[in-house]
Amino acid sequence: MFHCLDFEGNFMRKLIISLVVVIFVFLSIFVYNSTLQEKVKIGFIGALTGKYSVLGNAMINGVLLAFEERKYKIGDKQIEIIFQDDKGDIELNKKIINQFIKDDVKIVIGNVTSSMSKVSMSIINEHKDMFMISAASASNEFTGKDDQFFRVHVANNAQRFDNFTDFVIDKGYKKIYGIYDPGNPTYTKDYLENFEKSFMSKNQDAFLAFGKTNENLGDLVADIKEKNPDMILICANSVDAAKVVQYIRLKGLPTVIASSEWAQTKQFIENGGKSVEGVIFNIDLDENAQNPRYQKFLKRYQAKYKDNPSIFASKAYELSQIIIQMLEKGEQTDVKKHLLEQKVFNGLQDEIVFDEYGDVIRNFYTFVIKDGKYVRVK
C-alpha cells in the first residue's frame with residue numbers, strides 16, 4: 001500500500017513538473033512572438049461631438065474601413081488607432097497631443113478644423129520623428145512650409161479657386177457677399193480671402209462685405225439687401241450654413257448662393273430642405289464617379305455603414321491608404337521621408353500629387369443642389 005502511495009506521489013510530481021515545463025514553453029513562445037511583432041500606434045484627433053462632429057465621425061468611418069481591410073496588420077506591424085475628441089477646445093487639444101507624445105504615438109491623423117490643426121502642429125512640429133496628416137484642414141496658412149504636416153485636402157490658395165471663379169464670372173456674378181464661420185477663421189475667412197484674390201486677379205471687384213454666421217441674422221440680411229450682391233458665398237459647417245441659407249430664403253432674397261466643401265454633406269440638405277435648392281459647390285470629389293477604384297470603395301463603405309461616404313470620409317480613407325503604403329516601406333518614424341520620395345499616389349478618383357511641403361494638387365468640379373441631390377454641372 002505504501003509503495004502504491006509513493007508511486008502515485010512520484011507520478012503526480014512528475015506530471016506537475018511536466019505541465020509547468022509545457023506552460024513555460026508556450027509562454028516563452030508567446031512572449032517571443034509578441035516581441036517580434038512591432039506595434040504602431042496611430043492617433044486620431046478631431047471634433048467627435050458638437051457642431052463640427054459631422055466631419056470627425058465621417059473621417060473615423062473612412063479610417064476604420066481602410067485599416068479593417070488590412071485587419072490592423074501591415075507586415076510584422078500590428079496597428080492600434082487611438083481616437084480622441086478635441087471638442088474644439090484649445091487646451092484639451094494640447095493635452096491630447098502631449099499625451100500622444102508620452103504614449104510614443106508617431107503618426108497623427110487630424111484635425112477636423114484648420115484652427116485646431118494649427119494648435120496640434122505647434123507641438124508636433126517640435127518633434128521631427130512625428131508626422132501629422134489631415135483630410136480636411138485647408139487653410140492657406142499652412143502652405144509652403146517644411147514641417148511635419150501633410151494633407152490630402154487642397155490648400156485654400158488662389159490657384160485652387162481658378163476653376164470656381166471662372167465659373168462664377170462666366171455666369172455673370174460680379175458682386176459677391178462673403179459670409180464665414182468665426183469659430184474656425186483659420187479655414188473659413190482664409191477660404192473667402194483666397195477666393196477673392198483669384199476673383200480680383202481676373203479683373204473683378206473685391207467682395208462687397210464679409211459677414212459672420214454668428215451675428216444677428218436680421219442685421220445680416222438687411223446688409224445683404226442694402227448691398228444687393230449677385231452671389232452670396234458662405235464658408236461654414238453644414239449646420240450653420242443651412243441655417244443662414246434658410247433665413248435668407250425666409251426673408252425672400254432670391255440671390256444665388258454658393259458654399260464651401262465644408263458644408264457639402266448629406267446633413268446640409270437634410271437641415272436646409274427646399275431652401276438649399278440651387279446652392280452651388282466647387283469640390284474635388286464626385287460622389288457619382290464611376291471609375292472602378294471609387295466604386296469598389298463605395299460598395300465596401302455602403303456595406304459597412306449602410307450609407308454613402310461624404311467627401312471627408314473618402315479623404316480619410318485615402319490618407320489611411322497612404323499611411324499603410326508608407327508603413328509597408330519602413331519605420332513609422334520615416335513616413336514623411338518615404339512619402340516625399342514617392343510623391344504620387346492613387347486617390348479614389350484622381351492622382352494625389354504631393355509637393356515638397358506636403359500640399360496637394362487635385363481636380364475640382366462644380367455641383368448644384370437639384371431635387372435634393374448634388375448634381376454635377378458639366
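**Exercise 1. Find the sense in which strand 1 and strand 4 pair, and count their bridges.**

Solution. Step 1: locate strand 4 at residues 107-110; strands here are DSSP runs (E, at least two residues), and helices are DSSP runs too (H or I, at least four residues), both numbered from the N terminus. Step 2: look at how strand 4 runs beside strand 1; the two pair in the parallel sense over four bridges. Two strands count as paired if DSSP finds at least two bridges between them. Step 3: pick out a facing pair, and you will see phenylalanine 44 opposite isoleucine 109 in strand 4.

A word on the model before you go on: it is predicted, so local features need pLDDT of at least 70 and side-chain atom pairs count only at pLDDT 80 or more, while totals for chains, interfaces and linings use all residues. Residues are numbered from 1 along each chain as its sequence is written, and side-chain values use heavy atoms, with hydrogens and water left out.

**Exercise 2. Work out how strand 1 pairs with strand 3.**

Solution. Step 1: mark strand 1 at residues 38-46 and strand 3 at residues 77-85. Step 2: follow the pairing, which is parallel and has nine bridges. Step 3: check one bridge: isoleucine 45 has glutamine 84 of strand 3 as its partner.

**Exercise 3. Describe the salt bridge between aspartate 85 and lysine 87, and say whether each residue is buried or exposed.**

Solution. Step 1: find the contact, where the two side chains meet at 3.5 Å, N to O. A salt bridge is a side-chain nitrogen of Lys or Arg within 4 Å of a carboxyl oxygen of Asp or Glu. Step 2: recall the classes: buried is under 20% relative accessible area, exposed is over 50%, and partly exposed is in between (1.4 Å probe, protein chains only). Step 3: apply them. Aspartate 85 is buried at 14%, whereas lysine 87 is exposed at 54%. For the wider picture, the whole structure holds 21 salt bridges.

**Exercise 4. Explain which parts of the chain are tied together by the salt bridge of glutamate 141 and lysine 118.**

Solution. Step 1: the side chains of glutamate 141 and lysine 118 meet at 2.8 Å, N to O. Step 2: glutamate 141 sits in the loop between strand 5 (131-134) and strand 6 (149-151), and lysine 118 in helix 4 (residues 114-124), so the pair links parts 23 residues apart in sequence. Step 3: glutamate 141 is partly exposed, with 32% relative accessibility, and lysine 118 is also partly exposed, with 39%.

**Exercise 5. Describe the lining of the largest pocket.**

Solution. Step 1: start with the volume, about 570 Å³. On a 1 Å grid over the protein atoms alone, a pocket is an open set of points where a 1.4 Å probe fits, with protein on both sides within 12 Å along at least five of seven lines; lining residues have an atom within 4 Å of a point. Grid points are joined across faces, edges and corners, and the volume is the space filled by probe spheres set on them. Step 2: among the 29 lining residues, the closest to the centre are Lys266, Asp307, Asn308, Pro309 and Ser310. Step 3: helix 10 gives the largest share, five residues. Step 4: sort the lining into 14 nonpolar, 10 polar and five charged residues. Here Ala, Val, Leu, Ile, Met, Phe, Trp, Tyr, Cys and Pro are nonpolar, Asp, Glu, Lys and Arg are charged, and the others, Gly among them, are polar.
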